Amino acid sequence: MPKPLLHPDIQLTPGQIAAKAVFNAARELGLSQRDLARSIGVSEPSVSRMKGGGFALEGKPLELALCIIRIFRALDAMAGGEAAVIRGWIANDNSDLGAAPKELIATATGLVDVMNYLDAARAPV
């Protein structure tokens with residue numbers, strides 16, 4: 001039987017849950033802790049604390065983190081869970097976006113552009 005990650009009496013806040021989720025999404029996307037910190041506007045030590053639920057996101061960093069989670073979910077669905085495909089898409093230049101998505105998500109504008117691009121690709125009109 002797997003060992004629980006946290007004591008059963010410990011309850012995480014929504015900000016802590018989002019922090020842990022974005023940490024995991026970033027790892028699956030092949031983003032470094034530095035990449036994640038830059039994308040959501042927090043320090044690298046804060047990103048390290050996210051892994052274990054010891055950091056709660058709020059405000060703009062929370063909003064940006066939710067965008068990264070949304071990007072991961074879209075790519076995961078489109079790639080059928082294939083990690084190599086997901087990481088390849090993020091790392092390689094995209095002619096529609098004008099750069100590699102990994103480069104673009106370093107800014108809030110680029111992050112939203114990548115998210116909107118994937119949303120449009122998943123649900124063409």
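Contact here means that heavy atoms lie within 4.5 Å, and the exercises below apply this to a predicted model.

**Exercise 1.** Determine which residues leucine 36 touches, leaving out residues up to four places away in sequence.

*Solution.* With those neighbours in sequence set aside, leucine 36 touches Val22, Phe23, Ala26, Val47, Met50 and Ile68. The next step is to place this residue in the largest nonpolar core, which has 35 residues, and where Leu36 is among those that touch the most other members, together with Val22, Leu29, Ile40, Met50, Leu57 and Ile71. Two or more residues of this core come from each of the helices H1, H2, H3, H4, H5 and H7, and H4 gives the most, with 9 residues.

**Exercise 2.** Check the length of H4 against the span expected at 1.5 Å a residue, and find what its buried residues pack against.

*Solution.* The expected span is 1.5 Å times one less than the number of residues, so the 20 residues of H4 should span 28 Å, and the 29 Å between its end C-alpha atoms agrees with this. Among the buried residues of H4 are Leu64, Ile68, Ile71 and Leu75, and its buried residues pack against H1, H2, H5 and H7.

**Exercise 3.** Classify the crossing of H2 and H4 from the angle between their axes, and describe the residues in the contact.

*Solution.* The two axes come within 8 Å and cross at roughly 125°, which makes H2 oblique to H4. Leu36, Ser39 and Ile40 of H2 meet Pro61, Leu64, Ala65 and Ile68 of H4, a set that divides into 6 nonpolar, 1 polar and no charged residues.

Terms used
Residues numbered from 1 in each chain as written. Predicted model: local features only at pLDDT ≥ 70, side-chain atom pairs only at ≥ 80, totals over all residues. Heavy atoms only, no water. Core = buried A, V, L, I, M, F, W, Y, C linked by side-chain atoms within 4.5 Å. Buried < 20%, exposed > 50% of the residue type's maximum accessible area, 1.4 Å probe, protein only. Helix = DSSP H or I, 4+ residues; strand = E, 2+ residues; numbered from the N terminus. Axes fitted to C-alpha atoms, helices over the stretch in contact; angles between N-to-C directions. Parallel < 35°, antiparallel > 145°, perpendicular 65-115°, else oblique. Nonpolar A, V, L, I, M, F, W, Y, C, P; charged D, E, K, R; others polar.
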